Amino acid sequence: MEGGNSPNMQLQQIPLATAAVSVQPHTDSFSYKENLIGALLAIFGHLVISIALNLQKYSHIRLAGSKDSRAYFKTKTWWCGLFLLVLGELGVFSSYAFAPLSLIVPLSAVSVIASAIIGIIFIKEKWKPKEFLRRYVLSFVGCGLAIVGTYLLITFGPNSHEKMTGENITRHLVSWPFLLYMLVEIIIFCLLLYFYKEKNANYIVIILLLVALLGSMTVVTVKAVAGMIVVSIRGNLQLNYPIFYIMLVCMIATAVFQATFLAQASQLYDSSQIASIGYILSTTVAITAGATFYLDFTGEDVLHICMFALGCLIAFLGVFLITRNRKKSVPFEPYISMDAMPGMQNMHDKGIAVQPDLKASFSYGALENNDNMPEIYTPATLPIVQEQHGSRGVSAPPYRVLEHSKKE
């Protein structure tokens with residue numbers, strides 16, 4: 001009996017085992033396919049954004065001497081850049097709905113690579129081949145490293161794919177790892193804000209850390225909003241959950257404050273420093289937030305995590321080398337610098353100018369250009385009148401100043 005039943009039992013177990021084996025590869029291929037879709041959307045979005053910003057910059061440069069401050073509204077180039085900017089932002093926004101947060105965030109290095117390549121292609125100066133290679137060797141090496149890092153990120157990125165439903169997001173929001181992470185982040189943010197506002201610690205690391213902490217919350221909420229919209233489009237409505245609108249408000253608020261701190265940093269520091277340091281800090285903090293909130297690396301083996309971290313480090317180095325080679329723009333400052341004198345205000349102290357430029361005319365320090373002022377306020381000349389010396393040898397002054405009336 002046992003011998004007769006054993007073949008039947010084996011035949012019954014074969015289909016079950018086959019089904020179990022066939023499900024796992026399908027799941028892996030599906031997760032890799034979604035990762036690839038999200039990565040391609042993010043790369044496309046960052047490329048389009050970089051092209052759009054360069055188009056708008058080109059439009060502003062062409063109209064630099066125009067008297068109309070809003071003349072760029074009448075150009076097709078600026079409107080084309082605006083359209084591409086919106087298209088790129090939509091691509092990046094939708095990428096968060098397909099791929100994990102920790103995979104999408106580091107792909108912002110693509111915009112730095114694209115900006116470097118566009119800057120080299122559309123360079124105006126003519127260089128000899130040796131001078132060109134010597135000048136842009138760091139950019140080429142940086143682009144190569146950033147591309148290698150991006151490939152490693154896509155290949156060894158996390159494969160956690162969870163439906164962004166209201167129940168799942170609420171469950172992640174009240175989990176104790178994320179609550180602990182939020183407590184630590186709020187404490188660090190308040191300390192940095194105190195030193196920045198009260199102690200006037202205008203260091204670039206402090207400002208960009210504030211941007212990174214806000215940006216981590218921005219990308220967390222962006223993924224939640226984008227994921228719930230995609231799930232709703234597929235037929236499972238999620239817009240009736242209050243958590244959707246909470247995430248939407250948090251996304252807008254953090255994005256606005258993040259842009260405010262970035263604007264303040266751009267007034268004090270060079271754009272290349274902001275690009276490199278901001279990318280490194282924002283990516284690191286955002287990956288930490290994604291791993292805490294969405295549990296991106298749960299179930300990943302050590303090899304994939306190490307290769308993903310190596311890809312991040314290579315991308316960081318590539319972005320640093322690309323931005324390292326950029327020329328630092330030296331803005332013209334028609335003011336006397338008081339930096340060397342302790343206790344004196346300078347033009348960077350909370351935006352207070354020591355000696356402002358009056359009447360939109362060129363001035364350097366206290367020397368004002370008075371070409372357009374009335375003649376009555378022009379300084380009078382000092383004519384020299386020679387006098388004859390007396391015979392007694394009394395020395396008289398070689399000149400005397402004549403008084404002039406306002407009419408003269």
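A nonpolar patch of about 920 Å² lies on the surface of this predicted model. Its makers are Trp 176, Leu 180, Leu 183, Val 184, Ile 187, Ile 188, Leu 191, Tyr 194 and Phe 195. Take Leu 180 as a guide: this residue sits in helix α7, which covers residues 176-197. With a relative accessibility of 47%, Leu 180 is classed as partly exposed.

Now step back to the whole chain. You will find 11 helices and 2 strands in it. Starting at the N terminus, the helices come before the strands, in the order α-α-α-α-α-α-α-α-α-α-α-β-β. Of the 408 residues, 34% are buried. The chain exposes about 26,100 Å², and 67% of that area comes from carbon and sulfur atoms. Among contacts between residues at least 6 apart in sequence, 74% link residues at least 24 apart.

How many salt bridges does the structure hold? There are 2, and here they are with their N to O distances:

| Salt bridge | Distance, N to O |
|---|---|
| Glu 34 and Arg 234 | 3.9 Å |
| Arg 171 and Glu 162 | 2.9 Å |

Glu 34 belongs to helix α1 (residues 2-62) and Arg 234 to the loop between α8 (204-233) and α9 (242-268), so this pair ties together parts 200 residues apart in sequence. Glu 34 is buried, at 10% relative accessible area, whereas Arg 234 is exposed, at 58%. In the other pair, Arg 171 is partly exposed, with 45% relative accessible area, and Glu 162 is partly exposed at 31%.

Terms used. Residues are numbered from 1 along each chain as its sequence is written. This is a predicted model: local features need pLDDT of at least 70, side-chain atom pairs count only at pLDDT 80 or more; totals for chains, interfaces and linings use all residues. Side-chain values use heavy atoms; hydrogens and water are left out. Patches are made of residues with over 30% relative accessible area and no salt bridge: like charges are joined within 9 Å, nonpolar side chains (Val, Leu, Ile, Met, Phe, Trp, Tyr) within 5 Å. Accessible areas come from the Shrake-Rupley method with a 1.4 Å probe; for residues, only the protein chains shown count as cover. A salt bridge is a side-chain nitrogen of Lys or Arg within 4 Å of a carboxyl oxygen of Asp or Glu. Helices (H or I, at least four residues) and strands (E, at least two) are DSSP runs, numbered from the N terminus. Buried means under 20% relative accessible area, exposed over 50%, partly exposed in between (1.4 Å probe, protein chains only). Contact means heavy atoms within 4.5 Å.
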